[in-house]
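Colleague: I've got a new model to look at, and I'd like a plain walk through it. Start with whatever vocabulary I'll need for the angles.

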Amino acid sequence: MKKLINDPDAVTREALEGMAAAHPDRLRVSYEPAFVVRADAPQQGKVAIVSGGGSGHEPMHGGFVGPGMLDAACPGEVFTSPTPDQMLEATKAVDGGAGVLHIVKNYTGDVLNFEMAADLAQGEGIEVAAVVTNDDVAVEDSTYTAGRRGVGVTVLAEKLCGAAAADGRPLAEVAELCRRVNDQGRSMGMALTPCVTPGSGKPSFTLADDEMEIGIGIHGEPGRRTEKLAPAAAVTEMLAGAILDDGPFADGDRVLAFVNGMGATPLIELYIVYRELHRILEARGIAVARNLVGNYITALDMAGCSITLLKLDDELERLWDAPVDTPALRWSA
Amino acid sequence: MSGVGAEWIRKLAAEVAEQRSALVELDTAIGDGDHGTNLDRGMRKAVQQLDGMSDSDLGAQFKTVGMALVSSVGGAAGPLYGTLFLELGKAAAGHEELDAAGWADALEAGVRGVQARGKAEPGDKTMLDALAPAAEALRAAAEAGDSPADALRSAADAADEGMRATIPLQARKGRASYLGERSVGHQDPGATSSHLLLRTLADTVAAV
C-alpha cells in the first residue's frame with residue numbers, strides 16, 4: 001500500500017483536522033463525536049440539512065457543508081457508516097427551529113444508523129424528516145437485494161435541497177423536493193481499478209490489466225460484472241444506455257448531466273466521457289441544460305467514473321443556479 | 001467488572017481481536033472488508049466501559065455493551081449488534097445470572113430486535129442465519145431441562161451449523177446482496193461473528 005498518510009488508524013481524524021485548518025471561515029469541526037458543521041450554524045428559522053456516510057468519498061459530504069448546501073455532515077470511518085450519536089449531535093447543532101432533513105444514501109448501515117439517530121432526535125423534540133436516495137441502476141433486482149444504492153444523485157439532491165432551504169421553504173416541502181430529485185435521477189458507475197482502504201492495505205477486488213468492472217458502487221465492492229476494457233465511447237454508451245433505459249428520460253427533455261470521477265481518474269479522461277455523453281444525449285433529443293464534471297463522490301483511489309442524469313424543470317434549474325458557497329462547490333448568482 | 005456477563009464480553013472481545021483479519025477477509029470477499037476492524041474497535045470500547053463499572057447486573061452490563069457498540073462500530077453491524085445487546089439487557093435486567101430458560105428468553109428478545117431493525121429473514125445470508133437457529137436450539141434445550149452450559153453449547157453448535165449453511169446462499173440483504181449470484185460460495189461475515197458471540201457465551205458459562 002502506497003498512500004500519503006501517517007497512520008492508517010488516524011486517517012479520518014487527521015483529514016478532518018486538515019479540513020478545519022483549511023476552511024476556518026466556513027466550517028467548524030467537532031471530533032467527539034465527529035461532524036462538520038457550518039461555522040454560522042444554527043440558522044434560525046431555516047430548515048437544516050444533514051447528511052453523512054463513510055469517509056473515503058471526499059469531497060462528499062464534508063466538502064458540501066456551507067451556505068446553499070449542507071448545514072452539517074457526519075463522517076464515519078473509511079467506508080463505514082457514521083454512528084447515531086454523531087448524527088444526533090450534528091442535528092442538534094444545526095436545528096434552527098424549522099426542523100432537520102436527513103439525506104441518507106441507501107446503504108444498509110447508513111439507513112439503520114440514521115433511523116436510530118432520527119428516533120433519538122425526535123425524542124429530544126427536534127422535527128426530523130429523512131429521505132433515502134437510491135439512484136444506482138446497476139442494482140437491477142431490488143426485491144432480492146438491499147435495494148438500489150444511493151450514489152451521484154445524492155450530491156445533486158444536497159445542492160438542490162440546500163437552495164430550497166435557503167429560500168425559506170418548510171421541511172415537508174424540502175423533503176418532498178428531495179424525493180422528487182431522487183425519483184428523477186439515475187446513475188451508474190464503472191471502475192478501471194479497485195481501491196485500497198487504509199485499514200486493509202489491500203485492493204478491494206482484482207481486475208486484470210485488460211479488464212474493467214461495470215456497475216460498481218462507491219465502497220470498493222465489486223460490481224455486477226467484469227468485462228474486457230473498452231474505449232471511452234463504448235463505456236459511456238454502456239452506462240448512459242442503462243440509465244436512459246431505466247429513467248424517466250424522453251425526447252425533448254432537459255437534463256443535468258453529471259460525470260463524476262471515482263478518485264484516481266484525471267479530469268482529461270472525465271471530459272472525454274462528457275464529450276461522449278453529450279453526443280449520446282443530443283442524438284436522443286435530450287438537451288443538456290446543466291452539467292457537472294469532476295471528482296465529487298469518490299471511492300478513495302479507485303480509477304473510473306460514474307454518470308448521473310437528472311431530469312430538469314424550471315424549478316430545479318433555478319435551484320441549481322442559486323448561489324452555493326462550500327469548499328467543494330461554489331458559485332454566485 | 002465482574003460476573004458472567006463481563007467475563008463473556010471480555011472473552012468475546014479477545015476472540016474478535018484474534019479473528020479480526022479472518023473477518024476482514026470474509027467481508028472483503030462479499031462486502032467492503034471492514035467487519036473485523038469495526039467489531040474489534042467496538043468490542044474494545046465495550047470492555048473499556050465495562051471496566052469502569054461495578055454493577056454486576058446483567059441488564060446494566062449488556063446495556064453498556066449495546067450503547068458502546070451503537071456509538072463506535074458504525075456500518076450495519078453497529079446498530080444490529082447494538083440492538084441485540086440492548087434487548088439482551090432489557091430481558092436480563094435484575095439478574096446476575098440466568099438459567100437456561102432465562103438465556104432463551106434473552107436471546108429470543110435479541111433476535112427479534114435484530115430482525116426488526118435489519119428487516120432480514122433467515123436465509124438472506126446475514127447474522128440472523130446463525131442467531132435464529134441458535135435461539136431455537138437454546139429454547140428446545142431449556143425445555144428439555146438441560147443445564148445453562150449444555151443449552152448454550154447446543155445454541156453455539158446450531159449457530160456454527162447456521163454459519164456454515166450461509167456458504168451456498170445468495171445474499172438478499174446488506175452490501176453482499178449487490179453481488180447477486182457472486183455472493184454464493186462465501187461464508188457470511190455477520191453470521192461468522194454471531195457464531196463467535198454464541199461460542200464465547202457457551203465457553204464462559206461452561207467455565208463458571
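Modeller: Angles under 35 degrees count as roughly parallel, over 145 as roughly antiparallel, 65 to 115 as roughly perpendicular, and the rest as oblique. They run from 0 to 180 degrees between N-to-C directions, and the axes are lines fitted to C-alpha atoms, for helices over the stretch in contact. Also, this is a predicted model: local features need pLDDT of at least 70, side-chain atom pairs count only at pLDDT 80 or more, and totals for chains, interfaces and linings use all residues. Residues are numbered from 1 along each chain as its sequence is written, while chains are lettered from A and ligands numbered from 1 in the order in which they are written.

Colleague: OK, try it out. At what angle do helix 4 and helix 8 of chain A pack?

Modeller: About 85°, with the axes of helix 4 and helix 8 (residues 314–321) of chain A 8 Å apart. Helix 4 of chain A and helix 8 of chain A are therefore roughly perpendicular to each other. By the way, helices (H or I, at least four residues) and strands (E, at least two) are DSSP runs, numbered from the N terminus.

Colleague: Which residues meet there, between helix 4 and helix 8 of chain A?

Modeller: On helix 4 of chain A you'll find Lys159(A), Leu160(A), Ala163(A) and Ala164(A), and they meet Leu316(A), Leu319(A) and Trp320(A) of helix 8 of chain A. The make-up of that contact between helix 4 and helix 8 of chain A is six nonpolar, no polar and one charged residues. Being in contact means two C-beta atoms, placed from the backbone, lie within 7 Å. As for the classes, Ala, Val, Leu, Ile, Met, Phe, Trp, Tyr, Cys and Pro are nonpolar, Asp, Glu, Lys and Arg are charged, and the others, Gly among them, are polar.

Colleague: Next topic, then. What domains does the assignment give for chain A?

Modeller: Domain 1 (8–184) and domain 2 (185–320), with bounds from an automatic or database domain assignment. Their C-alpha centres lie 22 Å apart in chain A. Across the boundary, 28 residues of domain 1 of chain A are in contact with 34 residues of domain 2 of chain A.

Colleague: Which helix gives the most on the domain 1 side?

Modeller: Helix 4 of chain A again, with eight residues of the side of domain 1 that touches domain 2. By class, that side of domain 1 of chain A has 16 nonpolar, seven polar and five charged residues.

Colleague: How about sheets? In what order do the six strands of the open sheet in chain A come?

Modeller: The order is 9-8-7-12-10-11, with mixed pairing. Strand 9 (225–228) and strand 11 (287–294) of chain A are the edges, each pairing on one side only. From one strand to the next, the twist averages 20°. Helix 4 of chain A packs on this sheet too, touching strand 7 (185–191), strand 10 (254–261) and strand 12 (304–311), and its direction makes about 45° with that of strand 12 of chain A.

Colleague: And how do strand 8 and strand 9 of chain A pair, parallel or antiparallel?

Modeller: Antiparallel: strand 8 (residues 211–214) and strand 9 of chain A share four bridges, and two strands pair if DSSP finds at least two bridges between them. Glu213(A) stands opposite Thr226(A) in strand 9 of chain A.

Colleague: Now chain B. How many residues does each chain put into the contact?

Modeller: Chain A puts in 30 and chain B 28. On the side of chain A that touches chain B, the largest share comes from helix 3 of chain A, with five residues. That side of chain A has ten nonpolar, 15 polar and five charged residues.

Colleague: At what angle does helix 3 of chain A pack with helix 5 of chain B?

Modeller: About 55°, with the axes of helix 3 of chain A and helix 5 (residues 77–92) of chain B 7 Å apart. That makes helix 3 of chain A oblique to helix 5 of chain B. Leu112(A), Asn113(A) and Met116(A) make the contact with Gly78(B), Pro79(B) and Leu80(B).

Colleague: Last one. Is Ser30(A) buried, exposed or partly exposed?

Modeller: Partly exposed, because it has 17 other C-beta atoms within 10 Å; buried takes 20 or more, exposed 12 or fewer, and partly exposed is in between, with C-beta atoms placed from the backbone. Ser30(A) is in strand 1 (residues 27–31) of chain A. Leaving aside neighbours within four places in sequence, Ser30(A) is in contact with Phe35(A), Val37(A) and Glu89(A). Glu89(A) is one of the buried residues in helix 2 of chain A, where nine of eleven residues are buried.
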